[in-house]
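Work through the exercises below with the structure open. Each task is followed by a solution in steps.

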Amino acid sequence: MASKNLKIAFIGTGIMGAPIAGHIMDAGYELTVYNRTKEKAADLIERGSAWADSVAEAAKDADVVFTMVGFPTDVEEVYLAGEGLLASAKDGAYLIDLTTSAPELARDIAGAAEVCGKHAFDCPVTGGESGAIAGTLTAIIGATERDIEPVCEVLETFTSKICCFGGAGKGQAAKLSNQVALASAMVGMADALSFAQQNDLDVEQVREMICSGTGNSGAMQQLAPKAIDGDYKPGFLVEHFLKDLGLALTVAEEKELALPGADTAFTLYDMLDAIGGGHMGTQAITLLYQEEAEAVAAGLDWSLYAAQHEHDDECDCGCGHDHGHGHGEDHECACGHDHGEDHECCCGGHGHGEDHECCGGHGHGESHECHCGHHHEG
């Protein structure tokens, strides 16, 4: 099946999807695109891709359909709705989901696709916007090498590494493992920069030193420079990272596994999202460590966080917060699913109690104004 004669459809041309689709076009494949907001596909259309007015129209003649959407609820709609991919794609088509989503949902879609005479597998990617632009993403696939052989050439147009984990949903589980590692790296990066700043050090010099030693991380290399420069433009949205961490914590809860690093990161990113940072890049976590005036200058609003706590009883997801901050009517919990009565808090299900001070858990002294925007006595 591997041939430049393959017709490709791409659904979801956002921060990551647009450059990925561009690489597929550059390799000589015929491409049709669909996105809920047509303007986000304008560059691809100008370069020669065809535009479809719906998911069904995009998929009807395609041999391979890629999807890169935001949340598990979007994946469900694109694949399982009445005019979704399982209903509209042609027999034998390959349906490849690049979204980071729930392992269970990936398994459900793969099973249903086989019943329908199609082939679906989860293929989340890592590498961020820069990797998507460079065409050097890592594909994390819930299938075997043999399963993906017919579409491997297409995958290679935007990746530098392909990792097959053998079965439906395992690609998603592996990607969530990556996000768990990234969570602690992001908190470590933010902690380190704040520590250096408070000790009157040259923060960039400290960052370079860390990158030369065992404290190095992708976060410190790629995202810390942006944070230092005050650049919070998204390469990876806070709200999407929050979704990924919620998915990981949900799976961990099901397996009775504690993930304290991911739990802490979720708490911080949930706070950042609540005060208006959901559409910033993940490096904006560093704003939680700054004086309130600096956060406000970057577009955050601490009053939203206070208002959230005044309406603890309004949240249906059981986390005790009002999630009205930009998620829309269909938003349930940060991971995209309704967990029922037993789901506790979206930060990992832990009560912090009276002794919990700020998100770092430390008392900062009389003069410290911590990242929650409140003064902490002694």
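**Exercise 1: H10 and H12**

Task: In this predicted model, determine how the axes of helix H10 (residues 170-198) and helix H12 (residues 218-228) are arranged, and which residues make the contact.

Solution. Step 1: the two axes come within 10 Å and cross at roughly 50 degrees. Step 2: angles of 35 to 65 degrees fall outside the parallel and perpendicular classes, so H10 is oblique to H12. Step 3: the crossing of H10 and H12 is right-handed. Step 4: H10 contributes Ala185, Met186, Met189, Ala192 and Leu193, while H12 contributes Ala219, Met220, Leu223, Ala224, Ala227 and Ile228. Step 5: sorted by class, the contact of H10 with H12 holds 11 nonpolar residues, with no polar and no charged ones.

**Exercise 2: H10 and H14**

Task: Describe the packing of H10 and H14 by angle, axis distance and handedness.

Solution. Step 1: H10 and H14 pack at an angle of about 65 degrees, and their axes are 8 Å apart. Step 2: H10 passes H14 in a left-handed crossing. Step 3: on the H10 side the residues are Val180, Ala183, Ser184, Met186 and Val187, and they meet Gly261, Ala262, Ala265, Leu268 and Tyr269 of H14. Step 4: this contact of H10 with H14 divides into 8 nonpolar and 2 polar residues, with no charged ones.

**Exercise 3: H13 and H14**

Task: Give the geometry and the residue classes of the contact of H13 with H14.

Solution. Step 1: helix H13 (residues 238-254) and helix H14 (residues 260-277) have axes 9 Å apart, at an angle of about 145 degrees. Step 2: the crossing of H13 and H14 is left-handed. Step 3: from H13 come Val238, Glu239, Phe241, Leu242, Leu245, Gly246 and Leu249; from H14 come Ala262, Asp263, Ala265, Phe266, Tyr269, Asp270, Leu272, Asp273 and Gly277. Step 4: the classes in this contact of H13 with H14 are 10 nonpolar, 2 polar and 4 charged.

**Exercise 4: A salt bridge**

Task: Which residue forms a salt bridge with lysine 90, and where do the two partners lie?

Solution. Step 1: a search of the whole structure finds 5 salt bridges. Step 2: lysine 90 pairs with aspartate 63, with 2.8 Å between the closest N and O atoms. Step 3: lysine 90 is in the loop between helix H5 (85-88) and strand E5 (94-97), and aspartate 63 is in the loop between helix H3 (55-59) and strand E4 (64-67). Step 4: the pair links distant parts of the chain, 27 residues apart.

**Exercise 5: Confidence**

Task: Where is the pLDDT below 50?

Solution. Step 1: the protein averages a pLDDT of 86, and 81% of the residues score at least 70. Step 2: the pLDDT is below 50 over residues 317-378, a stretch with 102 contacts in the model beyond near neighbours in sequence. Step 3: where pLDDT is low, predicted coordinates should not be read in detail.

Conventions
Residues are numbered from 1 along each chain as its sequence is written. This is a predicted model: local features need pLDDT of at least 70, side-chain atom pairs count only at pLDDT 80 or more; totals for chains, interfaces and linings use all residues. Side-chain values use heavy atoms; hydrogens and water are left out. pLDDT is the predictor's confidence in each residue, from 0 to 100. Contact means heavy atoms within 4.5 Å. Axes are lines fitted to C-alpha atoms, for helices over the stretch in contact, and angles run from 0 to 180 degrees between N-to-C directions. Helices (H or I, at least four residues) and strands (E, at least two) are DSSP runs, numbered from the N terminus. Angles under 35 degrees count as roughly parallel, over 145 as roughly antiparallel, 65 to 115 as roughly perpendicular and the rest as oblique. A crossing is left-handed if the near helix is turned anticlockwise from the far one by less than a right angle, and right-handed if clockwise. Ala, Val, Leu, Ile, Met, Phe, Trp, Tyr, Cys and Pro count as nonpolar, Asp, Glu, Lys and Arg as charged, and the others, Gly among them, as polar. A salt bridge is a side-chain nitrogen of Lys or Arg within 4 Å of a carboxyl oxygen of Asp or Glu.
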